[in-house]
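User: I'm new to protein structures and would like a close look at one single part. Could you walk me through a sheet and the rings that sit in it?

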Amino acid sequence: MAVVVPLATTGVLALGELAASAHTTAIQGTAICDTAAGTYSVHWVGATDLVPANDVAKVDITSFSPDPASKVPASPITTTLAPNASYEFDQTDIPGNAGTASVAVHVYWTPTAPGIADSDTFDAPASGSVVNLPPCSKTPAPVQTLAGHIYLCPSTGPTTTEIAAGSLTATGGTPASTVAGQPNPLAPTSVNAGDYTMTAGAPAGYTFVQCGSTAVINGPATSATEALNVPSGGSATGVFYVRQIPAPVQTLAGHIYLCPATGATTTEVGAGTLAATGGTPASTIASQTNPLAPTNVSAGDYTMAAGAPAGYTFVQCGSTAVINGAATGATEALTVPSGGSATGIFYVRQIPPPVVCPAGTTMGSNGSCVPPVVCPAGTTMAADGTCTPPVVVPPVTCPAGSTMTANGTCEAPAVIPPVGPCPAGTTMGANGTCAPPVVCPTGTTMGANGTCTPPVVAPTVGPCPKGTTMGTNGTCLPNVVSGGTTGGASGPVVAPVTPPKKPVTGQTTTPVEATPAATAPTALPFTGSNSGVLLELGLLLLLAGGILTVGNRRKPAFRIV
């Protein structure tokens, strides 16, 4: 900025010697303070008078001050100064604290041509100075700044959260100024004043959004621009907003569908298993029951493995699955694109149930049910399954009155005699026959098993004691006394024994103990109804005596009193 400073003193023209007439010249200057540089410049103006009409003047600068701090034009500063005309030049770069500036000039001219009227020679110096100059201070240039920010703008609205990425650059101003691209944020940077265009590049994973700004966003929202004005000594800030790009979501799903003989269906078989591995970075879906619902995974290539439900086997049915040998497992290669999805499809078919042949049929070698072979009436089934006619056996006819046995023989009927009352003296046996009573021979006794036992022969003893009688076997027996009398006589009465009757011819006889005939009461001792008891007692005593006798043959005999 220039400031004109009035001069306190005007330059004084110095007169020189004049050959024909007197000529004058004067010079004066005007000082100007350049606050932008803090220096002075003086604009010097000189003039001539009484210059002949046909002469041309020249001007040289012979000195100046301050020197060499200030600068003046090279001499001559003019060679075409017309008569009575003025000339001018600038003295520059005078320090602001110099206080004084001065110049000295040499003005001269010569005749245009010798002998021409109104033409002569002139040579005269002139000088001028400017004094009492106030200090000329340098005023600081105005400072302008330009800044920029890329802020986060979530769905809830704008924030002042810097996204430490992306780029910012700007061009504009007068004179033209450029701010090179740099990462966000752009700190306040000194620029020239004027209009600017700021350009922003979106950080990776983000796109620009308007969010109330004045930015102009390009089509893909990866860059934006904003018009800004930087006033002299002022500043401007570009503001942009970005929003994070949602991470791409990929899903992987799987199904095991029923494929009957009629073709593929979309009927889920609610069993079996599905699992998958793959993707970048690696991702795994653990085995789970069919179906596999869409599951978030990384993008990339996957292998899905399927296990057949119980009672089913995998079939191709138009799928791209690779089925194992037993058809109980299968795999499928799948690609999940970024932000996309993939679905594994498998098909199964039910294993036919085992064939159960109906009742009365059998399973043939080809798996079909075969009805049983029924032989015609009168034939029999051989071991090889063929029918064999029966062997003709002549009928056996048994004579009248006989019967056919199991082995085909005739048997006469058994003659069973009529069973009627047994004759007197016999009794009915267990087999229905009449048997006479068993009568032991004299001298034997009837045993418990119905057999007759000979008597035990005892050694000879002396006379029997009183009340006993010597038996046939030499033993002493108690006397049998009857409970009644016979014809008034007294003494032992022997009950008559009825002789046995002859058995009926053809009948088996069973020994029967003799039954004593009933007798009338008697008054004899050991007779009557108690005689049998007494007889048995006697027999027992007799037997005991015999045993004692045998065992003590060398001992004196004893008697029963």
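Analyst: Here is a walk through one sheet, strand by strand, and then one pair of rings. The model is predicted, with local features needing pLDDT of at least 70 and side-chain atom pairs counting only at pLDDT 80 or more, while totals for chains, interfaces and linings use all residues. Residues are numbered from 1 along each chain as its sequence is written, and side-chain values use heavy atoms, leaving out hydrogens and water.

The protein chain has one helix and 38 strands (DSSP runs numbered from the N terminus: H or I of at least four residues for helices, E of at least two for strands). Our sheet is open and has four strands in the order β21-β18-β26-β23, with mixed pairing (two strands pair if DSSP finds at least two bridges between them). At the edges stand β21 (292-297) and β23 (312-315), each with a single partner strand, so one side of each has no neighbour in the sheet.

Now look at β18 (residues 250-258): four bridges join it to β21, and the two run antiparallel. Within this pairing, T251 stands opposite N296 in β21. In general, strands of a sheet pair through backbone hydrogen bonds, either parallel or antiparallel.

Next come the rings. The structure holds four aromatic pairs (Phe, Tyr or Trp rings, using the six-membered ring of Trp, with centres within 6.5 Å; planes under 30 degrees apart are stacked, over 60 edge-to-face, the rest tilted). F314 is buried, with a relative accessible area of 5%, and F346 is buried at 0% (buried means under 20%, exposed over 50%, partly exposed in between, with a 1.4 Å probe and protein chains only).
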